[in-house]
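Please look over the sequence and the model below before reading on.

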Amino acid sequence: MNDTLQTALEKAKHYCAYQERCHSEVRDKLYSLGLHRNQVEPLLTQLIEENYLNEERFATAYAGGKFRIKQWGKEKIKYALKQKRISDYCIRKALASISNIDYNKTFNTVADKKLATLKSEKNIFIKKRKIKDFLQQRGFELNLINDYLKEI
């Protein structure tokens, strides 16, 4: 392995060690270092073999972080992971790692906060529409939203 590839590999290892990365992020990083496809793929393989790169681990960490910190719903998380070219299998594993109890608790907290901001809205249909739009934008499932709206 020549010096350029060795340097690129060390940078990629550091990049992966800093935080979990998906394959597409690391691939883009290697291309940004001026490498070509025939150089990038063997490096990616080596990073996977040395466990610097693990897509399932990335997806689980990503989903957990977006859920806990940004309070995203599963639909939004799934879409974001698809944008990062994560496999459907890894997406399903990541979403399954979110506890249903925590998920429902977070959903209710987010919905109740939004409802509290709409106290001055007198028209119940407009109020429900605003809550529905907000929760859909956050990525929560339509069946959860509709069940919540029936309670209002």
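The paragraphs below go through a helix pair, the nonpolar cores and one buried residue.

This is a predicted model, in which local features need pLDDT of at least 70, side-chain atom pairs count only at pLDDT 80 or more, and totals for chains, interfaces and linings use all residues. Residues are numbered from 1 along each chain as its sequence is written, and side-chain values use heavy atoms, with hydrogens and water left out.

Helix 1 (residues 3-18) packs against helix 3 (residues 37-49) at an angle of about 45°, and their axes are 11 Å apart. Helix 1 is therefore oblique to helix 3 (neither under 35 degrees, nor over 145, nor 65 to 115). Helices here are DSSP runs of H or I with at least four residues. On the helix 1 side the contact (heavy atoms within 4.5 Å) is made by Leu5, Ala8, Leu9, Ala12, Lys13 and Cys16, and on the helix 3 side by Gln39, Leu43, Gln46 and Leu47.

The largest nonpolar core (buried Ala, Val, Leu, Ile, Met, Phe, Trp, Tyr and Cys residues joined through side-chain atoms within 4.5 Å) has 28 residues, of which Ile77, Leu81, Ile86 and Leu135 touch the most other members. Elements giving two or more residues to this core include helix 4 (55-70) and helix 5 (74-83). A second, separate core of 14 residues includes Val26, Leu44, Leu47 and Leu53.

Alanine 63 lies in helix 4. Its relative accessible area is 0%, so alanine 63 is buried (under 20% relative accessible area, 1.4 Å probe, protein chains only). Not counting residues up to four places away in sequence, alanine 63 touches Ile77, Ala94 and Ile98. The C-alpha atoms of alanine 63 and leucine 95 are separated by 6.6 Å, although these residues are 32 residues apart along the chain.

Conventions:
Axes fitted to C-alpha atoms, helices over the stretch in contact; angles between N-to-C directions. Buried < 20%, exposed > 50% of the residue type's maximum accessible area, 1.4 Å probe, protein only.
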